[in-house]
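Me: Hi! Could you walk me through the empty spaces in this protein model and what sits around them?
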Amino acid sequence: MRISPHIVSDVMTHTVVAVGRDASFKDIVKLMQEWKVSALPVLEGEGRVIGVVSEADLLLKEELRDSDPDRATQMRRLSDLSKAGGMTAADVMSTPAVTVHPDATLAQAARVMAQRRVKRLPVVNGEGLLEGVVSRADLLKVFLRTDEEIAEEIRHEILVPLFPAPPEPVQVHVVDGVVTLTGRVRDTSLVPIVARLVRSVEGVVDVDPALSGGVRVREPG
């Protein structure tokens, strides 16, 4: 049993607006405004992602409109200057596109976003065809899970396998995503492992394991 969404396909947006490589600059801006998105995948053929046009790509036209860069700046910002003069998606897109597969974990997607400094990732299959888009907001959906959903996953997926017959039942208390575990266990060396596993459960904000080998060391609240 797996309760929480661990992969991109669980949280991604399946209905995606995209443009072809010949889409005009103004049409791209209009689509972004209409769909309230900050970036659009650029497709060719049967839906293969060849790039992404972001607000940052488009804003170069305004940023560099009245500029008169010296030669050193021209060489350093050659790509930006080229985009600033662009008229179509093919001219202004960032390529190759930074993408993610639908079976990637949410943690992997979050790391790609952070490392590449992007807010949205096209989700592509093995052939590079667009299947959806995952955004920062989508990744945060896991924190909307209820405390009881989180507690149930911890009980069934972590505590039962690790502690099938503890001296007394290990209790799980979750309040606003913060997990407190209380009880006695025979092998206290497992406590750090439990804490790490619980912290990996989707929707957990923090973990306070109060487990011991012989005495209850803390009661919640």
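Me: How big is the largest cavity?
Reply: The model is a predicted one, and in it the largest cavity has a volume of about 40 Å³. Searching the whole structure turns up one cavity of 30 Å³ or more.

Me: Cool, which residues line the largest cavity?
Reply: The lining is made by Ala-39, Pro-41, Val-52, Arg-120, Leu-121, Pro-122 and Val-133. Six of the lining residues are nonpolar, none is polar and one is charged.

Me: And which strand gives the most to that lining?
Reply: That would be β4, with three residues. Both β2 (39–44) and β4 supply at least two residues each.

Me: Tell me about β4, then. Why is it described as largely enclosed?
Reply: Four of its five residues are buried, so β4 is largely enclosed by the rest of the structure.

Me: What does β4 pair with?
Reply: It pairs with β5 in the antiparallel sense, over five bridges. Pro-122 stands opposite Val-133 of β5, and both of these residues are in the cavity lining. The two strands form a hairpin with five residues between them, and Gly-128 in the turn has a positive phi of about 80°.

Me: Switching to pockets: what's the volume of the largest one?
Reply: About 480 Å³. It is lined by 19 residues, and the closest to its centre are Ser-54, Asp-57, Ser-94, Arg-117 and Val-118.

Me: Which elements give two or more residues to that lining?
Reply: Those are β3 (48–54), α2 (55–63) and β4. The most comes from α2, which gives four residues. By class, the lining has nine nonpolar, four polar and six charged residues.

Me: What about the second largest pocket?
Reply: Its volume is about 190 Å³. Of its 14 lining residues, the closest to the centre are Leu-106, Ala-107, Val-142, Phe-143 and Glu-202. Helix α6 provides the largest share, three residues.

Me: Ooh, α6! Which of its residues are buried, and which are exposed on the other side?
Reply: Leu-106, Ala-109 and Met-113 are buried in α6, which covers residues 106–116. Looking down the helix axis, the buried residues fall within an arc of 65°, so they line one face of α6. Ala-114 and Gln-115 are exposed on the other side.

Me: What do the buried ones pack against?
Reply: They pack against β4 (120–124), β5 (130–135) and α7 (136–139).

Me: And what comes just after α6?
Reply: Arg-117, which takes a positive phi of about 55°. Arg-117 is also among the residues closest to the centre of the largest pocket.

Technical notes. Residues are numbered from 1 along each chain as its sequence is written. This is a predicted model: local features need pLDDT of at least 70, side-chain atom pairs count only at pLDDT 80 or more; totals for chains, interfaces and linings use all residues. Side-chain values use heavy atoms; hydrogens and water are left out. Buried means under 20% relative accessible area, exposed over 50%, partly exposed in between (1.4 Å probe, protein chains only). The arc is that of the directions from the helix axis to the C-beta atoms. Contact means heavy atoms within 4.5 Å. On a 1 Å grid over the protein atoms alone, a cavity is a set of points where a 1.4 Å probe fits but cannot get out, and a pocket is an open set with protein on both sides within 12 Å along at least five of seven lines; lining residues have an atom within 4 Å of a point. Grid points are joined across faces, edges and corners, and a volume is the space filled by probe spheres set on the points. Ala, Val, Leu, Ile, Met, Phe, Trp, Tyr, Cys and Pro count as nonpolar, Asp, Glu, Lys and Arg as charged, and the others, Gly among them, as polar. Two strands pair if DSSP finds at least two bridges between them.
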